[in-house]
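Trainee: I've got this model open and I'd like to go through what the labels on it rest on. Can we take them one by one?

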Amino acid sequence: QRLAVLVDKAGWQMHSHAIGDRAVRVALDAYEAAANANGRKARSHRHTIAHLELVHPDDYPRFARTGTLASMQLQWAVRNIWTLGALRPFIGEERFHRLYPAGSLERAGARLVGGSDWPVDPLSPFNQIATAIDRTAEPTGPLLPGQALSRASSLAMHTRGSAFQLHEGNRGVIAPGKVADLVVTDRDLQSSGPNAIRSASVQLTLVGGKVVYDADSVTGRRAAQRGAAYAGASTVTQRHACCSGHS
């Protein structure tokens, strides 16, 4: 808390990584101490806690109260070997049944932010958006479907939510006066189901209103091939990293 007060006073934005519910509470206590000591001035500090695998229910409303951003990597919110085998037996049933509480945080008023955890995880934003909605990794059923987000909330979390965290007020939405950093996909993500969202591909990318990627061009096709090759390599690297990290 003393460190947070000093860092906040010096004008720095704090970004904590917290997996367990006690770690989350320590970070929230620090941010709250900074706000109490330095005042909740109109400065735009957007202190963030990333991951949030476990959050104590008493702390859900503290995100909104302290203005703390909840950065979540919801591609992890699935029933797989990590949540069922490497986690459930050790954290107990009560904690297991509140893993990745995106829905609870949203209902408590927290501002959700989408993060990839790249390069530890593959950079697969469409899968992240979809998994926030269905919390499913085929062929398993959903992990705690009551914590799922709506399609609108997931899209907002991964666009304007992330832009807000990064102080990129000119990005994150398509509107007059914005900088027109956007992608055109091969389907309407606002009406597609989760599996269709996972399969989406980018057809056109604009940065500052200028086309920097066109899937129909020769360059675009080569980039897609490189991307597919990299995605496969990233999956292998991720598995090796996870195994060595847990050995």
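Trainee: How many of the residues of helix 7 are buried?

Mentor: Keep in mind that this is a predicted model. In helix 7, 8 of the 10 residues are buried, so the helix counts as mostly covered, buried being under 20% relative accessible area. The buried ones are Phe126, Gln128, Ile129, Ala130, Thr131, Ala132, Ile133 and Asp134.

Trainee: What covers the buried residues of helix 7?

Mentor: The cover includes helix 8, strand 5, helix 9 (194-198) and strand 6. Right after helix 7 comes arginine 135, with a positive phi near 50°.

Trainee: Why is serine 104 called buried?

Mentor: Its relative accessible area is 12%, and the cut-off is under 20%, so serine 104 is buried. Serine 104 sits in helix 6 (residues 102-107). Setting aside neighbours within four places in sequence, serine 104 touches Tyr60 and Gln147.

Trainee: What makes the pair aspartate 29 and arginine 62 a salt bridge?

Mentor: The N to O distance between their side chains is 2.8 Å. The rule asks for a Lys or Arg nitrogen within 4 Å of a carboxyl oxygen of Asp or Glu, so the pair qualifies. Aspartate 29 is in helix 2 (residues 21-38) and arginine 62 in helix 3 (residues 60-66), so the bridge ties together parts 33 residues apart in sequence.

Trainee: Are aspartate 29 and arginine 62 buried or partly exposed?

Mentor: One of each. Aspartate 29 has 27% relative accessibility and counts as partly exposed, while arginine 62 has 8% and is buried.

Trainee: Which salt bridge does glutamate 32 form?

Mentor: Glutamate 32 pairs with arginine 62, with the closest N and O atoms 2.8 Å apart. This pair also links helix 2 to helix 3, across 30 residues.

Trainee: What about aspartate 186: which residue does it form a salt bridge with?

Mentor: Aspartate 186 bridges to arginine 187, and the closest N and O atoms are 2.9 Å apart. With the limit at 4 Å, the pair therefore passes as a salt bridge. Aspartate 186 has a relative accessible area of 37% and is partly exposed. Arginine 187, at 27%, counts as partly exposed too.

Trainee: Which residues do salt bridges with shared partners join into one network?

Mentor: Arg25, Asp29, Glu32, Asp59 and Arg62. The count of salt bridges by this rule comes to 12.

Trainee: Where does the lining of the largest pocket come from?

Mentor: Strand 1 (15-18), strand 2 (48-51), helix 7 (125-134), helix 8 (151-165), strand 5 (182-185) and strand 6 (202-207) each supply at least two lining residues. Helix 8 gives the most, with 8 residues. The pocket has a volume of about 1,500 Å³.

Trainee: How many residues line the largest pocket, and which lie nearest its centre?

Mentor: There are 42 lining residues, and Pro125, Ile129, His158, Thr159 and Val183 lie nearest the centre. Sorted by class, the lining has 18 nonpolar, 17 polar and 7 charged residues.

Trainee: Which peptide bond next to proline 119 is cis?

Mentor: The one joining tryptophan 118 to proline 119, where omega is about 10°. Proline 119 is in the loop between strand 4 (111-114) and helix 7. Another cis bond joins glutamate 138 and proline 139, with omega about 5°. Proline 139 lies in the loop between helix 7 and helix 8.

Trainee: What is the phi of histidine 167?

Mentor: Its phi is positive, about 60°, although histidine 167 is not a glycine. Alanine 180, also not a glycine, has a positive phi near 60°. Histidine 167 is in the loop between helix 8 and strand 5, and alanine 180 is placed in the loop between helix 8 and strand 5 as well.

Trainee: Why is histidine 167 called partly exposed?

Mentor: Partly exposed runs between the 20% and 50% cut-offs, and histidine 167 is at 36%, so the label fits. Alanine 180, with 29%, is partly exposed too.

Trainee: What is the average pLDDT of the chain?

Mentor: The average is 90, and 91% of the residues score at least 70. Over residues 235-247, though, the pLDDT is below 50, and this stretch has 6 contacts beyond near neighbours in sequence.

Key: Residues numbered from 1 in each chain as written. Predicted model: local features only at pLDDT ≥ 70, side-chain atom pairs only at ≥ 80, totals over all residues. Heavy atoms only, no water. 1 Å grid on protein atoms, 1.4 Å probe; cavity = no way out; pocket = protein on both sides within 12 Å on 5 of 7 lines; lining within 4 Å. Points joined across faces, edges and corners; volume = space filled by probe spheres on them. Helix = DSSP H or I, 4+ residues; strand = E, 2+ residues; numbered from the N terminus. Nonpolar A, V, L, I, M, F, W, Y, C, P; charged D, E, K, R; others polar. Buried < 20%, exposed > 50% of the residue type's maximum accessible area, 1.4 Å probe, protein only. pLDDT = per-residue confidence, 0-100. Contact = heavy atoms within 4.5 Å.
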